[in-house]
Amino acid sequence: MKNEFKSWMTEMEEKSANTASSYCSSINSISQHYFEQNKKPLDLYTCDDILFVNALKKDYGIGGKYEEFGNKGKGTVRNAIAAYARFLEYKKSGGVIEVKTNKKRRSTNNTTKRNSRYKKYAIGSSQNSLIRNILSRLGNESFTEDDWKETKKHFTNRCAYCGTEDKLDMDHAIPINREKLGEHRLGNIVPACSKCNSNKGDKDYKEYLGSNTERIKIIEEYMNSKNYVPLEDNDKLRKILDLAYEEVSSIAERYITIIDDLFMRE
Ligand SMILES: [Zn+2]
């Protein structure tokens, strides 16, 4: 059942492969910990008793008797058992996701919709905003109005990608996201026409320009002239940002657990 749980997390809850793996190992840790505490062998991956798993979720949750163990890895253990409980509910209900436990608050016809909106968009966009915010604030220089004028002048008031003399917007040659690690600073900001801007999307300048090596060279020379060194090969930074990214969803899950507990007690 371990692999099934893993794919359910990545497919249905859009968790990253890293998170899904660490949740999977946490489930094993819980089986082990439970065995040590109760002298009863337990393999959660062979257990589909929802009531039992929900009881474990309480025990390893905030205020539960194994709270301390549940807090391990910034709450990874607690989040893992909560995810496992949702996974069993999902299996049992034959595909309909049920997250809320209080019937009074649940409107049956929009639960799935609301849930999928939360899973698919809200958290992902908060995670991306955090990464954008961090990357945009690295270093201490700021990109001024004069810098923008100078940048456009450098590119002779033309789009850096296609050379058209259209209305020009600021574009990050290397996009500011977790994968590309671009920054908002002089050297990475280039003028782009609205057509290139929207066609380029999340690609970096090299991917967008493809075989147009001449243009790629012009942009790279510009980056060099402004001492802009791309962060793309920095594994340490990437790992730190991955942590920040994951932490946003743990924060949400932590508060969901607290609020769910509140309604369960009422
Ligand atoms: Zn263009």
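Which residues of α11 are buried? Hold that thought while I set the scene. What you see is a predicted model.

Start with the overall layout. The chain has eleven helices and two strands. Read from the N terminus, seven helices come before the two strands, and four helices follow them. The chain is 266 residues long, and 24% of them are buried. Now take the contacts between residues at least 6 apart in sequence. Of these, 67% join residues at least 24 apart.

Next, the cores. The largest nonpolar core has 19 residues. Its best-connected members, by contacts inside the core, are Ile27, Ile30, Ala80, Ile81, Ala83, Tyr84 and Phe87. Four helices each supply at least two residues to this core: α1 (2–12), α2 (17–38), α3 (50–60) and α5 (72–92). Which helix gives the most? That is α5, with eight residues.

Look at Phe87 for a moment. Leave out residues up to four places away in sequence. Phe87 then touches Phe5 and Trp8.

Apart from that core lies another one, of 17 residues. Among them are Ala173, Ile189, Cys196 and Tyr208.

Back to α11, which covers residues 235–265. This helix has 31 residues. From first C-alpha to last, α11 reaches 45 Å, close to the 45 Å expected at 1.5 Å a residue. And here is the answer to my opening: Leu241, Tyr245 and Ser249 are the buried residues of α11. Why look at the spacing of those numbers? An α-helix has 3.6 residues a turn, so residues three or four places apart point the same way.

Last topic: backbone angles. Most residues other than glycine have a negative phi. Two residues here go against that. One is Glu14, with a positive phi near 50 degrees. Glu14 sits in the loop between α1 and α2. The other is Leu181, with a positive phi of about 60 degrees. Leu181 sits in the loop between β1 (168–172) and β2 (189–193).

Are these two buried or exposed? Take Glu14. It counts as partly exposed, because it has 15 C-beta neighbours inside 10 Å. Buried would take 20 or more. Leu181 has 21 C-beta neighbours inside 10 Å, so Leu181 counts as buried.

To recap. The largest nonpolar core draws on α1, α2, α3 and α5. Another core, of 17 residues, lies apart from it. On α11, the buried residues are Leu241, Tyr245 and Ser249. And Glu14 has a positive phi, as does Leu181. That's it from me.

Key: Residues numbered from 1 in each chain as written. Predicted model: local features only at pLDDT ≥ 70, side-chain atom pairs only at ≥ 80, totals over all residues. Buried ≥ 20, exposed ≤ 12 C-beta atoms within 10 Å, placed from the backbone. Contact = placed C-beta atoms within 7 Å. Core = buried A, V, L, I, M, F, W, Y, C linked by C-beta atoms within 7 Å. Expected span 1.5 Å × (residues − 1).
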